[in-house]
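Student: Could we go through this structure together? I would like to start with the interior and then look at a few single residues.

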Amino acid sequence: YYFGLSFIDISYVERSRKEGWNDIDGSYVIYLCYVDKRMIGKKVLTVFTPTYNRAHTIRRTYNSLCRQTVKDFIWLVIDDGSVDDTSILVRKWQNCDNNFEIQYVYKENGGLHTGYNKAIELIDTELCMCIDSDDYLPDNAIELILDFWLKNKSEDIAGFLGRDSYT
């Protein structure tokens, strides 16, 4: 399994927003958020997961985050009105020693796009990325993202793309 990164320009971000924040061709988009001096000392990356009645699949996402070689991130779960055990699972994981912060927000059901909107409203890190509640990341994905950003960060970059592929 291979996870690679490349830069994207602002036009890609705008197109992605217009198309509903969807991934394109299996790519994960890591969006850059505005940063100011108040963010010094904070986490750099928020991984957010919008979810609705996914208690049966979100464990895969959680387990992949637990396996990350670098745990310097926040996992933000936006629950879009689930009526299954999603909230019970996530609240249990919040009390586990998993070495990363888990934030959980329950909201009235409004559809996937409202989950994205709520996440973007709440995120206060420099980078954010979405992982769906039935997906997983390779074990070194967070390490690659943070390393890539630390080496290449620039005000001229709107974001970068992580492509997954099997080799």
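Tutor: We shall discuss the cores, one strand and two serines. This is a predicted model, in which local features need pLDDT of at least 70 and side-chain atom pairs count only at pLDDT 80 or more, while totals for chains, interfaces and linings use all residues. Residues are numbered from 1 along each chain as its sequence is written, and side-chain values use heavy atoms, leaving out hydrogens and water.

Student: Which residues have the most contacts inside the largest nonpolar core?

Tutor: They are Leu45, Val47, Phe73, Trp75 and Trp93, in a core of 28 residues. A nonpolar core is a set of buried Ala, Val, Leu, Ile, Met, Phe, Trp, Tyr and Cys residues joined through side-chain atoms within 4.5 Å. Buried means under 20% relative accessible area, with exposed over 50% and partly exposed in between, for a 1.4 Å probe and protein chains only.

Student: Which element gives the most to this core?

Tutor: The helix α5 does, with 6 residues. Helices (H or I, at least four residues) and strands (E, at least two) are DSSP runs, numbered from the N terminus. Apart from this core lies another of 8 residues, including Phe48 and Cys130.

Student: Cys130 is in β6, then. Which residues of β6 are buried on its two faces?

Tutor: Leu127 and Met129 are buried on one side, and Cys128 and Cys130 on the other. In a regular strand the side chains alternate between the two faces of the sheet.

Student: How does β6 pair with β3?

Tutor: The two strands run in the parallel sense over 4 bridges; strands pair if DSSP finds at least two bridges between them. Thr46 has Cys128 in β6 as its bridge partner.

Student: New topic: where is Ser133, and is it buried or exposed?

Tutor: Ser133 sits in the loop between β6 and α5. It counts as buried because its relative accessibility is 5%. Its side chain joins that of Arg54 in a polar contact of 3.3 Å. A polar contact is a pair of N or O atoms within 3.5 Å; within protein, one must be able to donate a hydrogen and the other to accept it, and residues adjacent in sequence count only if both atoms are side-chain atoms.

Student: And what does the side chain of Ser82 reach?

Tutor: It reaches the backbone nitrogen of Asn53 at 2.6 Å. Ser82 is in the loop between β4 and α3, and it counts as buried because its relative accessibility is 8%.
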